[in-house]
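Here is a short set of exercises to work through with the model open beside you. Try each task before reading its solution.

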Amino acid sequence: MTASEDESHDGIMSERTLAIAGRIYAELQTMIQSHGDEVIAELMPLIVSVLEELDLAFQECDDAVRALEELRDELSQSKQEIKRQKQLRELIEEEKVSNEDTLDTHRKRLSDQYEQLQNLNKSMNLNISAKKEYSTYITICFAMKQSSFCVSSYASYSNNGATSTDKLY
């Protein structure tokens with residue numbers, strides 16, 4: 001027991017100890033009336049010592065109950081905090097999965113757009129090649145002074161898949 005606990009008990013006993021002391025006093029009064037003061041003379045210091053120890057034990061028990069209640073409150077708060085953190089982790093995990101799904105969707109869309117642009121680029125390059133080929137063919141035809149023949153023959157020639165240089169030679 002610390003000094004501050006001793007000071008808080010200066011001559012003041014708990015209600016439980018006082019109740020027990022009252023019952024013992026009543027019994028001792030009965031013994032004194034029946035047998036005289038000498039019967040309890042040596043017993044009184046022991047009874048006072050036992051009552052003081054009992055009061056100290058009650059106080060320690062009360063302190064332990066208060067400490068237990070505080071620990072229960074802390075445990076409850078810790079459980080609530082753990083539950084809150086678990087919910088937060090679950091929310092973050094759901095958001096992460098959602099973000100990954102969104103990212104995958106964007107990635108797929110960009111990949112599809114890239115493929116479409118590649119196909120468009122290939123188509124445009126083929127178109128440019130065909131126009132260059134036609135331009136070269138027309139230039140050669142005009143140089144040879146066969147413009148009407150060249151224009152009509154190129155249409156049938158290009159439909160057969162031959163190049164302009166194949167037709168000219």
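**Exercise 1. Get an overview of the fold.**
Work out the order of the elements from the N terminus on, and how many helices and strands the protein has.

*Solution.* Start at the N terminus: the elements run α-α-α-α-α-α. Counting by type gives 6 helices and 0 strands. Keep in mind that this is a predicted model.

**Exercise 2. Look at burial and surface across the protein.**
Find what share of the residues is buried, and what share of the accessible surface belongs to carbon and sulfur atoms.

*Solution.* Begin with the residues: of the 169 in the protein, 11% are buried. Next take the surface, where the accessible area is about 13700 Å² and carbon and sulfur atoms account for 56% of it. Finish with the contacts: among those between residues at least 6 apart in sequence, 53% link residues at least 24 apart.

**Exercise 3. Describe helix H2.**
Compare the reach of H2 with the expected value, then decide how its buried residues are arranged around the axis.

*Solution.* First, the length: H2 has 21 residues and spans 30 Å from first C-alpha to last, close to the 30 Å expected at 1.5 Å a residue. Second, pick out the buried residues of H2, which are Thr-17, Ala-21 and Leu-28. Viewed down the axis of H2, these buried residues fall within an arc of 30°, so they line one face of the helix. Third, turn to the other side of H2, where Glu-15, Arg-23, Glu-27, Gln-33 and Ser-34 are exposed. Fourth, ask what covers the buried residues: the cover includes H3 and helix H4 (43-143). Last, step past the end of H2 to Gly-36, which follows the helix and has a positive phi, near 100°.

**Exercise 4. Two residues to classify.**
Is Thr-17 buried or exposed, and in which helix does Val-39 lie?

*Solution.* Thr-17 sits in helix H2, residues 15-35. Its relative accessibility is 0%, and buried means under 20%, so Thr-17 counts as buried. Apart from neighbours within four places in sequence, Thr-17 contacts Leu-51, Leu-54, Asp-55 and Phe-58.

Val-39 belongs to helix H3, residues 38-41. With 38% relative accessibility, Val-39 counts as partly exposed, because that value falls between the 20% and 50% cut-offs.

**Exercise 5. Find a nonpolar patch.**
Which residues make a nonpolar surface patch of about 320 Å²?

*Solution.* Start from Val-39 and add Met-31, Leu-43 and Leu-46: together these four make the patch.

Terms used
Residues are numbered from 1 along each chain as its sequence is written. This is a predicted model: local features need pLDDT of at least 70, side-chain atom pairs count only at pLDDT 80 or more; totals for chains, interfaces and linings use all residues. Side-chain values use heavy atoms; hydrogens and water are left out. Helices (H or I, at least four residues) and strands (E, at least two) are DSSP runs, numbered from the N terminus. Buried means under 20% relative accessible area, exposed over 50%, partly exposed in between (1.4 Å probe, protein chains only). Contact means heavy atoms within 4.5 Å. Patches are made of residues with over 30% relative accessible area and no salt bridge: like charges are joined within 9 Å, nonpolar side chains (Val, Leu, Ile, Met, Phe, Trp, Tyr) within 5 Å. Accessible areas come from the Shrake-Rupley method with a 1.4 Å probe; for residues, only the protein chains shown count as cover. A salt bridge is a side-chain nitrogen of Lys or Arg within 4 Å of a carboxyl oxygen of Asp or Glu. The expected span of a helix is 1.5 Å times one less than its number of residues. The arc is that of the directions from the helix axis to the C-beta atoms.
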